[in-house]
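Reader: I've got this one open on my screen and I'd like a close look at a single part of it. Could you walk me through what sits around the ligand, and then show me how the surrounding protein is packed?

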Amino acid sequence: MRQFPRDFVWGVATSSYQIEGATDVDGRGESIWDRFSATPGKIQDGTNGSVACDHYHRWREDVELMRWMGLKSYRFSIAWPRILPAGSGKVSQAGLDFYSRLVDGLLEAGIEPCVTLYHWDLPQALQDKGGWAARDTVSAFVEYADVVSQKLGDRAKRWITHNEPWCISVLGYANGEHAPGIKDWGQALATAHHVLLSHGQAVPVLRSNVSKADVGITLNLVPAEPASPSAEDLEACRSFDGGFNRWYLDPIYGRGYPRDVIQDHVAAGHLKSDTLPFLRAGDLEDIATPIDFLGVNYYNRAVLRSDRIPESQNAPRAVHVSSEQTEMGWEVSPHGLTQLLVRLHQDYNPGRLYVTENGAAYGTGPDADGRVRDTKRVQYLRLHLEASLEAIRQGVPLHGYFAWSLLDNFEWAYGYQKRFGMVYVDYATQKRIPKDSAHLYRAVVAQNGLDVELAA
Ligand code: GBH
């Protein structure tokens, strides 16, 4: 029997800007994503999150869907500009009340809230003062964490400070693909540091406001494999793993920033010297404040081939790269998830682990009979649940899995052209249709195992 441990947490994940819409109601302030998506050329289909899935008005229906799926937990994020429209200072009661009602609705449905404080919608007012590259944003975040946890902490127990610091830093401030659209590695490195620092400083605040608090952070981690055993490809791997994974894991788990990656940034001209200009005494201790769990967002592995030697002189490939890719162009690589979880457990021993996101973009819509046969997502889900179970068999303390995502939604720079939902959204009518993957997941959750079949 391919069974999961008792008490395994089955969930789905979403984020505020991607689903809520209602960006101008109840006193919500402007976020960097409102500004960015209004800038021509930034979003592939020219859309934005002003309506999205209209979850702000339809959340009861969405909670009902999750109840139907039998989910144990729902990971959602809070829109900072709904709570503190100017980033700090004046609090919006209407904003707090929205999330308070949502939390109550979830608990009534038997679903544990899992709150992510920051999933990328920074108040624009803070960006106007430098955003995450500015150290003052750290104290603004701690203030925000305090306000939210005072309001929800009596009912919400599981808290994630940040979603994917790598994306916040690199996509937002180094290559500019995400809001605020800045291309400056100096700012990106300061951003990564300030995000981590704000995480560490928020942890004790959450613990003081939430009884029996369960606090963690979510990282997007990408296991790296060398395409061949050549020294050059191994070096490419070291550097990739350093920038994506160790730059965040090492300081969180008390090792400070990895020396080799600092050298990479110096060599690339991102830093003037190996002295980190944004690092102050006490910061590393704050960042390493002990946490209860690590959240892992997993989409794919990376197979690295060095660009330092001409392709013709490269050693023959040793690694087979699967031809199955999702519509994001990301390789389907379930084994990478097992490898990643095992490595995290061995190298960092974070205690409890959760997969806080995993999913795939496939654009399947309804057939003539109304059913959404998202066969490839069903396959992706099965493979990654198998991979999760394999990690558990190898001794990894994996305590839950959250599928990305409940609903098709605003996929950032791709707009609405990419669909990650287990539930189809017809944006013209806002009608929701559970896809085959939602039916499969429902069966998995009910059985707490993988020996389930879909109706033909
Ligand atoms: C998540 O980020 C976000 O948390 C979520 O909001 C988003 O909707 C979801 O994923 C889907 O995109 O081209 O092989 O180098 C995903 C983070 C970082 C995962 C970049 C893929 C590039 C893979 N992504 N990464 S590759």
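Author: Here's a walk from the ligand site out to the cores and then to two buried polar residues. Keep in mind that this is a predicted model.

Start at the ligand. It has 17 residues around it, and the closest are Gln18, His119, Glu164, Glu411 and Trp412. Two of those also turn up with polar atoms facing the ligand's oxygens. For Gln18, a polar side-chain atom sits 2.8 Å from a ligand oxygen. For His119, an N or O atom of the side chain is 2.9 Å from an oxygen of the ligand. Trp404 joins in as well, with a side-chain N or O atom 3.2 Å from a ligand oxygen. As for cover, the ligand on its own has 590 Å² of accessible area, and the protein covers 80% of that.

Now the packing. The largest nonpolar core takes in 133 residues, and Val12, Trp33, Trp80 and Tyr441 have the most contacts inside it. Helix α9, residues 185-209, gives this core its largest share, ten residues. Apart from that core there's another one, with twelve residues, including Val9, Ala13, Ile160 and Phe402.

Trp80 is a good one to click on. Skip its neighbours within four places in sequence, and Trp80 is still in contact with Gly87, Tyr118, Asp121, Leu122, Pro123, Leu126, Trp132, Thr137, Ala140, Phe141 and Tyr144.

Next, a polar residue tucked inside: Ser388, in helix α14 (residues 375-393). Ser388 counts as buried because its relative accessibility is 0%, and the cut-off is under 20%. Beyond its neighbours within four places in sequence, Ser388 is in contact with Phe4, Leu337, Leu398 and Tyr401.

Last stop is Asp214, in strand β5, which runs over residues 214-220. Asp214 has a relative accessible area of 9%, so it is buried too. Leaving out residues up to four places away in sequence, Asp214 touches Lys157, Arg158, Trp159, Asp292, Phe293, Arg352 and Tyr354. Two of the arginines on that list pair up with Asp214 side chain to side chain: Arg158 makes a polar contact of 2.9 Å, and Arg352 makes one of 2.6 Å. If you want to place Asp214 relative to another part of the chain, try Ala403: the two are 189 residues apart along the chain, and their C-alpha atoms are separated by 20 Å.

Notes
Residues are numbered from 1 along each chain as its sequence is written. This is a predicted model: local features need pLDDT of at least 70, side-chain atom pairs count only at pLDDT 80 or more; totals for chains, interfaces and linings use all residues. Side-chain values use heavy atoms; hydrogens and water are left out. A nonpolar core is a set of buried Ala, Val, Leu, Ile, Met, Phe, Trp, Tyr and Cys residues joined through side-chain atoms within 4.5 Å. Buried means under 20% relative accessible area, exposed over 50%, partly exposed in between (1.4 Å probe, protein chains only). Helices (H or I, at least four residues) and strands (E, at least two) are DSSP runs, numbered from the N terminus. Contact means heavy atoms within 4.5 Å. A residue is near a molecule or strand if one of its heavy atoms lies within 4 Å of it. A polar contact is a pair of N or O atoms within 3.5 Å; within protein, one must be able to donate a hydrogen and the other to accept it, and residues adjacent in sequence count only if both atoms are side-chain atoms. Accessible areas come from the Shrake-Rupley method with a 1.4 Å probe; for residues, only the protein chains shown count as cover.
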